[in-house]
Amino acid sequence: MEPLYGPIRDYAWGSRSAIAELQGRPVPSDGPEAELWLGAHPGAPATVDRGGERASLVDLVAAEPGHWLGAQVVDRFGARLPFLLKVLAADAPLSLQAHPDPEQARAGYIADGARVQGRRNYVDPYHKPELLVAIAPMEALCGFRDPADSADVLAAFGVPALEPVVAALRTGPTGLRDAVRLLLTWPAAQRAGLVDAVVAARVAGPDAELARSLAADYPGDPGVLVALLLNHVRLAPGEAIWMPAGNLHAYLRGTGVEIMAASDNVLRGGLTPKHVDVDELLRVLRFEVLTEPVVMARPVAPGVVCWPVPVEDFALHRVTVDAATPEVRLPLAGPRVVLCRAGRVSVDDGTGPVTLAPGQAAVGPSAAGPLVFTGAGEAFVATAGLR
């Protein structure tokens, strides 16, 4: 293993404390720090030391794909690291968004490349499923809830203009598409008034509080109302949410470790000043009820848990070393990225140990041996999900 240095993305919704505190830097940071990227994504690749200089992990993988990735990963995904590990720290809501499945991504990328004019929805030909594990209390929107519940919530505001949306929701899951389309295609001149009427309604409860909170950040945005169709999730540390293709979701606030397929394909559905392509979003969304959005950790071995997901691009494990389990051996095939979350953890893959403090990371090639953890602390391990 060798140290891996990840860039921090300074998106406006980021926290000025969470990542800085994790890495032991002064708080508040100079500006918002939204995401720490630990991977080989071309948009912001992590680096390693090479001869006193920092070398991009993108370039290293491209030069020696067999060494870094292994033959099985190269055969399945090509000469690129198929996953991206992040620390995500939100102080304000992110946009409502969804991601395409592999076929939609490939077709959309080809179609966008042929456009003479217009905005691009697809910047690469890959899908982008995501798993987020809370490392501090986290609040998010994830997947459609029972449309009957959503209809009751919207009806309670007593806004006549919402009656067609409520009627569509009363028809069950088949009406979800119509409800979302109605909300996102509301005439711009009336949109702000509709949201204002909902916010001004004398209605109590979590849903009303959520609408008011979102409207304070995104006044007049129809995403405020679309958000009320989704599961409002509060995660405790160690709990996770899984966001497959077509799942409409948004992180509202909190800190988590996120792993995803290495892609930038995002279709927005509101809570954003950016373009919302309603037709393409509706084509990609899966209008299914997500009855249980929270994913619990599954024990794998003493000191090791994982959050199983049905994709081959990535897998995520959490390793805890302490007095009860002073050494943890984790056999994993393929490339590995390790992030220390707490304490002080040493990890050795047979090529030499690296000792990590919180917020520090390491990377190792496919050809190395099993990971051996010692010390006292907690670390997340990202690798490909091939079995």
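In this predicted model, the charged end of R54 sits over the ring of Y5, at 3.6 Å from the centre of that ring. A second contact of this kind involves R80, which lies over the face of Y126, 3.5 Å from the ring centre.

From charges over rings we can turn to rings that pair with one another, of which the model has four pairs. One of these aromatic pairs joins F144 and F287, whose rings are stacked, with 5.6 Å from centre to centre and 25° between the planes. The two partners come from distant parts of the chain, since F144 belongs to strand 9 (residues 138-144) while F287 lies in the loop between helix 12 (278-284) and strand 14 (294-295), and 143 residues separate them. Both F144 and F287 are buried.

Another pair is made by W307 and F380, and it counts as stacked because the planes of the two rings stand at 20°, under the limit of 30 degrees, with the ring centres 6.1 Å apart. This pair, too, links distant parts of the chain: W307 sits in the loop between strand 16 (304-306) and strand 17 (315-321), whereas F380 is in strand 22 (residues 371-383), 73 residues away. W307 has a relative accessibility of 2% and therefore counts as buried, and F380, with a relative accessible area of 1%, is buried as well.

The next features are the spaces between the atoms. The largest pocket holds about 720 Å³ of space, and 31 residues line it, with Y11, W13, S95, R268 and K274 lying nearest its centre. Two or more lining residues are given by each of strand 3 (35-39), strand 6 (83-90) and strand 12 (249-261), and it is strand 12 that supplies the largest share of the lining, namely four residues. Sorted by character, the lining of the largest pocket consists of 16 nonpolar, five polar and ten charged residues.

Besides this pocket, the structure contains one cavity of 30 Å³ or more, and the volume of the largest cavity is about 40 Å³. Its lining is made up of L57, V61, W68, L81, F83, P335, R336, V337, V363 and G364, and the elements that contribute two or more of these residues are helix 2 (57-63), strand 19 (336-348) and strand 21 (361-364). In the lining of the largest cavity, eight residues are nonpolar, one is polar and one is charged.

Conventions. Residues numbered from 1 in each chain as written. Predicted model: local features only at pLDDT ≥ 70, side-chain atom pairs only at ≥ 80, totals over all residues. Heavy atoms only, no water. Phe/Tyr/Trp six-rings, centres within 6.5 Å; stacked < 30°, edge-to-face > 60°. Buried < 20%, exposed > 50% of the residue type's maximum accessible area, 1.4 Å probe, protein only. Lys NZ or Arg CZ within 6 Å of the ring centre and 35° of its normal. 1 Å grid on protein atoms, 1.4 Å probe; cavity = no way out; pocket = protein on both sides within 12 Å on 5 of 7 lines; lining within 4 Å. Points joined across faces, edges and corners; volume = space filled by probe spheres on them. Nonpolar A, V, L, I, M, F, W, Y, C, P; charged D, E, K, R; others polar.
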